[in-house]
Amino acid sequence: MMDMSPVGGKEGQSPPNSKKTSKKPKCMYVISTFTVIGIIFIPVGLASLFSSEKVEEAVFRYDDTCLPSSNADNAVAYIKSATTNKTCTHKWTSRNDKQLWNKASEGDTSNCNPEDKTKGNAPIVPCGLIAWSLFNDTYKFSMNNKDLTVNKKNIAWSSDRGSKFGPDVYPKNFQSGELIGGGKLDESIPLSEQEDLIVWMRTAALPTFRKLYGKIEADLEANSEIDIVIQNNYNTYEFGGKKNLVLSTTTWIGGKNPFLGMAYLVVGGLSLFCAIGFILLYVIKPRPLGDPSYLSWNRNPGILK
Amino acid sequence: MSSDQPLLSEPDLVPPVIHHRHRKSGSRTSFFEVAADSSTTDHHREVVLAKDCSFHSAFCNNNNNSGISSSSLTEAQNPDSEFRLECPTRERGLLRSWGAMELHEISTASAVTTAPSRRIHHKSVQFDEQILHDDNARLIYINDPKKTNDKYEFTGNEIRTSRYTFITFLPKNLFIQFHRVAYLYFLAIAALNQLPPLAVFGRTVSLFPLLFVLCVTAIKDGYEDWRRHRSDNNENNRESLVLQSSDFRSKVWKKIQAGEVVKIFADETIPADMVLLGTSDPSGLAYIQTMNLDGESNLKTRYAKQETTSAVSSEVCDIAGIIRCEQPNRNIYEFTANMEFNGIKFSLSQSNIVLRGCQLKNTDWIIGVVVYAGQETKAMLNSAASPSKRSRLEGYMNRETLWLSIFLFIMCLVVALGMCLWLVRHKNQLDTLPYYRKRYINKGPEYGKKYKYYGIPMEAFFSFLSSVIVFQIMIPISLYITMELVRLGQSYFMIEDMHMYDASSGSRFQCRSLNINEDLGQIRYVFSDKTGTLTENKMEFRRASVHGDNYGSSLLAADDSSAATDVILKRRWKLKSEISVDPKLMSVLHKNPNRDERVVAHEFFLTLAACNTVIPILTDGEFSGCGTSESTGYVECIDYQGESPDEQALVSAASAYGYTLFERTSGHIVIDINGEKLRLDVLGLHEFDSVRKRMSVVIRFPDNAVKVLVKGADTSMFSILANGSESHNSLLHATQSHLTEYSSQGLRTLVVASRSLSDAELEEWQSRYGEASTALTDRASKLRQAAALIECNLNLLGATGIEDKLQEGVPEAIESLRQAGIKVWVLTGDKQETAISIGLSCKLLSADMQQIVINGTSEEECGNLLGDAIAKYGVRSSSRGHQNLNNKTNADHGNIDISNSSKSMSLPKWNPGKEEGTTTPLALIIDGNSLVYILEKELESELFDLATSCKVVLCCRVAPLQKAGIVDLIKSRTDDMTLAIGDGANDVSMIQMADVGVGICGQEGRQAVMASDFAMGQFRFLKRLLLVHGHWNYHRVGYLVLYNFYRNAVFVLMLFWYILCTAFSTTSALTDWSSVFYSVLYTSVPTIFVGILDKDLSHKTLLQYPKLYSTGYRQEAYNMQLFWITMIDTVWQSLVLFYAPLFTYKDSSIDIWSMGSLWTIAVVILVNAHLAMDINRWLLITHYAVWGSIITTYGCMVILDSIPVFPNFWTIYHLAKSPTYWITILLIIVVALLPRFTCKVVWQIFWPSDIQIAREAELMRRRHDRLQSRHQGSS
């Protein structure tokens, strides 16, 4: 029935595609791609999940004055304060990085409006709304009536301390206006050593975020009780924000978050599943590759007369 | 003219396309324009046209019976009918460009002595006179440039093809650049960003893309203009001899002024448009080559008026007079003027003027007076850019861009609404929010005033605008620039393709238009000219019918023929080209005892040698190829230069039989008959025109006998032969049967006749002829009347058959194109029989085809023929209602034609309704006459139905404008792409009308090439151009567009999701620089390389399976469906891109710059990996481009993050240390691409496309070869 002669004539010249060699390459490549993805993803997923599970984390919300006791592992605990529903990163550009970097540019307060100058037209250092809204709650930790020292050194990036915030730039006229946004700064300490400010100035990416407060370098036993004294300075009630105190250990993966591990496992699993599917397909219903008889005009002779 | 001159050396100068309708003056040869003077409004013009049309059709009906007169009318009325027909469907602009054709055809022709033309001529007379007496006329005082130009209204001879000067460059270039809508969009976005409430990006950063694009374009324009300046300078500083204080002194061209008298020597270029005053030839004859003007390489004759020649000599030129001529215009075939000299007033015409850019040949010197100089010369007026074409795909792309704009609008609206809602909800907190302030709160002069707060509606509006800024790259502006670069690259590879290099003529492929590369992959119809396109246009004299005897069936080379050798030995010259002769005819000529036959043969060849406009050029036989017969000593070479290759062939043939045209001046010719030189006085010459379709020459023999020698097309000749005796009739029949035989062999035929003139006849003719040739107006028709006096009662001498050789590879190319599903239509000016025979020889027609011939001579007849054909072959009408009926017809037909029934069993799966519904392959042969009736009347749709259901369409005897009309018929009624290919000036209209115009650099000059989009040396290259390059270009550009849409949309959507999470503030996590660099630097380079270099299949495979081409016109590489699938994929990928890091870094201390950095890197890697996944052919450079882009991105990030004053300082270093970062990127890439990959693979396995299978076959073959070679190597 199939009339291949007028056009199919040339196909005869192409090397006869013997089925034993022809179907391999494409399918093999597909199957191997899926298999490789599966093989890589599942171990990575397991590792991530495992490390994420290893992270001990205690979160308590304190802005509603309810402070439960917490458990801590024997590891270095990172204290993170978390603020949620912070009304976004609205106008995060309200800052001037040049001013923070260099004493000579102290007077450069462009971009900082309205927290740029005092009434007397003296520049505010650090200027801008971000610095102005500096977080200033403080925490005191004690275990078994013994104070836990909180190391507040090296909580900011060393690059920020070293190069970004000038060692000769001192806070000036900060929080001197009518409306106080947040914490004040010691005017005798250069910006490069104001680590809380440096941490704060690394604006968070997401509405719910955590900021490093300090590190407890003493080992904490399991099931030990920690008393925390919180000085609740920072006003989040006005915009309905929430504040949490997070005590957490850390691993290579970061904080406690099973998402990565789970995602890797799911994707790896799916890939292996696909690989198996294609293997079955290859066994059950192979399509010889490069077979000219599959060309549309050979399947439907007469399409092009 | 050397190539460095600006006249035509710049690529953007087009050939002298004469825009007929622009002409200000009337002319005796144009039919529908004469009534409209320069002040007539368009409205008026339309009215006049309409009148003419109706008149014509009425006239046609009256002339049904006379085949000849109506055929001669074909050309005459065609422009009108075309115009009226096409007018509603096309803009005027396009139509104008058709004018060139009309002109070319009609300039020598003119209306016959028929009613309509007379009516119009009457008008034209008035008009002609009027314009010259008008104040409007230009007055030239010969040799008095000051008086001529006392009002300083004429331009000097300085030309400027450059667009800018040093001062005007910047403003003018910017002005021109902003004509592009895309740039305005850029500008608007940049301007928006300068507004304080909207400053999303840094202000300088936002200007960066626009400045970049502007600078690149400006540099390109500047460079081109500099080159133009340079060539202008060269041109302007050339020198010529100008009469200054009664002495010819050298003067640079730019200082030459209108009115000055200039002397030009042989082989020099004419500096301005000049009226000839005198030449070195005493009769005032000059030969010029118009190559630079109209592309025709042959020599043309120009005359100085007898009245002035005497006053001018080589040394002295004491002449004063006034020339009154029309205002400068671009029509190079027309010149209307008169001259007052020594109190005599006489008219000047086109044959008295030499135009700038032409070259003087074969004439020692000429002296002329400049009438138009510099920019006002016809050559300069003609150097306007041709209308640019836009590719089909770009049109579709714009449609999808509109969709993207709608998305953009919706997204911005969502942001604005969200902002609005958020503000309403947080109305009371706004003052105290740490990051949001409504008014100033610090005590001071501004206390209580609003701080960057304009009320909720305004805030929402600003939020809308600033989101437009943030999402601006949703509209892929860079795509236009990318596409231009890609096309440039593609063109480079097309030009460099050595398979399309014509070694014989040394012409490589040319891309004259850079906008429509991808259209080459979607061609459905190819309209081809025959002569010079399918055939070589190298005419060869093959057959002759002399006195009813058929000669030339057995041809021998001249040297082998014993009969011919003795003739040849007597010669002291040689022809440039040798032709073979028939010894039988040779012997008839020299040894035949039958006197009658010998005389006829003698006169036959005499006519061939004398009745033409060929100019013999004698050169010394120094160069090779000529000096073959050294034994005879001094050898001269004769090269025949003529306007028509047929004539050259005939003259060469006559020479081979011993009748050599040796010399031609305006007054006499010298013919060398077997070594004896015969000087014949030429009393008059009626040139060939397409109305009479014949030419005649009146010559006086040395013995004072006067004869008129005529040659012409058979249709026009048989009617003017003498009605004689029985023997005469038998001769007539014999000749006619020979003619049929010749034309069935594909030969071009001419009939040769002659007659002696009596003294009375001669006298009458001479007076009429003299009167006509000096007539001020209406000269052509008067000449025609004079010709009619003597072109009658002729004695038939014989007929000739000239072979027009097929070009190499034409049948194969046509076969491949046909297999590829391209319909090849041949449009030719040849006779029906010739056309059919050529059709057969180039495999266009095959024996099993059912030929439908439409050659009616009236409207009804054509209608009937069409209707019969439609009914007989069951052609499906384009309207759906008839489908059932037609299916039935098909079935009936299938029963009758059992042999072919198997072919019709499956209906076309794709493209339904466009395939033939009949079973036998049909071939439609239609002639120009019928086309007049059909295209003019409502039969157009029937013709379309019939033609599209035929496998082959051959149109014969079509006028140039009809060619365009047929192309337009298809263009206006289908969406299919058309391509027109031709080589001659008569193909220009068709080439410009078709979606893609291809010119063949052939014998007929360069006019077609200049009008074309692509030009090449041979027809067979079309196969490679379409099947290989067209396919590649189409698939590349199609993918490029989709990918660019995707690339920008995925980025914008990612930003959009983020904005939804940040209370609709138009904040971007990405730094300004990343946003700007994204489409400019990070991702643009790979697309360009892929667009230029990616090949889905090798050229071998594409040529092996021509049907793969069908993916192009089925629009498989770019269509709405693909667009939407891509967009869905884009949404998925952007969601993954945004949410994977969001979930990973949920409840973490990540800062906005780290997140932004992660997103930037992720999106760049993602889009590049996406591209990498779709690349079919990896080259080293593609690797560099793709992976290099990712590395560049990292490099830029590192650099940007190393500057302390940026808030993102050191981010990338921190991130790179964190494993989570890398794991997240890997996750994003894999998850985002997994659905696409899986779908692609499943499709490839279950529903493989033709391309896919062919690619697999290719891979298999390569693997096979490799295995084999390895096998051989090991053993």
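Begin by selecting chain B of this predicted model and colouring its contacts by sequence separation: among contacts between residues at least 6 apart in sequence, 74% join residues at least 24 apart. With the cartoon shown, chain B resolves into 43 helices and 34 strands, and of its 1275 residues 61% count as buried. If a surface is then drawn over chain B, about 48,600 Å² is exposed, of which carbon and sulfur atoms supply 56%.

**A nonpolar patch on chain B**

Keep the surface on and select helix H13 of chain B, residues 392–425, which provides eight residues, the largest share of a nonpolar surface patch. The patch covers about 870 Å², and among its members are Leu402(B), Trp403(B), Ile406(B) and Phe409(B), together with Leu1060(B) and Trp1124(B). Centre the view on Trp403(B), which lies in helix H13 and counts as partly exposed, at 31% relative accessibility.

**An enclosed helix**

Now hide the surface and select residues 832–841 of chain B, which form helix H25; seven of these 10 residues are buried, so the helix is largely enclosed by the rest of the structure. The buried residues include Gln832(B), Thr834(B), Ile836(B) and Gly839(B). Following the chain onward from H25(B) brings you to Lys843(B), whose phi is positive, near 65°.

**Backbone geometry to inspect**

Most residues other than glycine have a negative phi, and most peptide bonds are trans. With that in mind, select Asp267(B), where phi is near 65°, in the loop that runs between strand S4 (261–265) and strand S5 (273–279) of chain B. The side chain can be viewed from outside the fold as well, since Asp267(B) counts as partly exposed at 49% relative accessibility.

Move next to Asn793(B), which has a positive phi near 50° and sits in the loop between helix H23 (779–790) and strand S27 (795–806) of chain B. Asn793(B), at 47% relative accessibility, also counts as partly exposed.

For a peptide bond in the cis form, switch to chain A and select Val125(A) with Pro126(A), where omega is about -15°. Pro126(A) belongs to the loop between helix H4 (97–101) and helix H5 (129–132) of chain A.

**Annotated spans of chain A**

Staying in chain A, select residues 27–50 and then residues 259–284, both of which carry the annotation "transmembrane region" in an unreviewed UniProt entry. Residues 27–50 are 100% helix, with end C-alpha atoms 34 Å apart, and residues 259–284 are likewise 100% helix, with end C-alpha atoms 37 Å apart.

**Salt bridges**

A search over all chains of the structure finds 36 salt bridges, of which a few are worth displaying as sticks. In chain A, select Asp196(A) and Lys152(A), whose closest N and O atoms are 3.0 Å apart. This pair links distant parts of the chain, as Asp196(A) is in helix H7 (residues 195–201) while Lys152(A) is in the loop between strand S5 (150–151) and helix H6 (158–164), 44 residues apart. Asp196(A) is partly exposed at 34% relative accessibility, and Lys152(A) is partly exposed at 27%.

Return to chain B for Arg755(B) and Glu761(B), whose side chains meet in a salt bridge at 2.7 Å, N to O. Here Arg755(B) is buried, with a relative accessible area of 8%, whereas Glu761(B) counts as partly exposed at 28%. In the salt bridge between Glu1116(B) and Arg1114(B), the closest N and O atoms are 3.1 Å apart; Glu1116(B) is partly exposed at 34%, while Arg1114(B) is buried at 19%. To see a network of salt bridges, select Asp1129(B), Asp1174(B), Arg1236(B) and Lys1240(B) together.

**Cysteines without disulfides**

For the last stop, select the cysteines: a search of the whole structure finds zero disulfides over all chains. Cys511(B) has its closest cysteine sulfur in Cys1001(B), at 12 Å, which is too far for a bond, and Cys511(B) counts as buried at 17% relative accessibility. The sulfur of Cys955(B) is 7.3 Å from the closest cysteine sulfur, in Cys956(B), and that too is too far for a bond, given that a disulfide requires the two sulfur atoms to lie within 2.5 Å. Cys955(B) is buried, at 2% relative accessibility.

Note on methods. Residues numbered from 1 in each chain as written. Chains lettered and ligands numbered in written order. Predicted model: local features only at pLDDT ≥ 70, side-chain atom pairs only at ≥ 80, totals over all residues. Heavy atoms only, no water. Helix = DSSP H or I, 4+ residues; strand = E, 2+ residues; numbered from the N terminus. Buried < 20%, exposed > 50% of the residue type's maximum accessible area, 1.4 Å probe, protein only. Contact = heavy atoms within 4.5 Å. Areas by Shrake-Rupley, 256 points an atom, 1.4 Å probe, with all protein chains shown as cover. Patch = residues over 30% accessible without salt bridge, like charges linked within 9 Å, V, L, I, M, F, W, Y side chains within 5 Å. Salt bridge = Lys/Arg side-chain N within 4 Å of Asp/Glu carboxyl O. UniProt positions renumbered as here; feature names shortened; annotations may be inferred.
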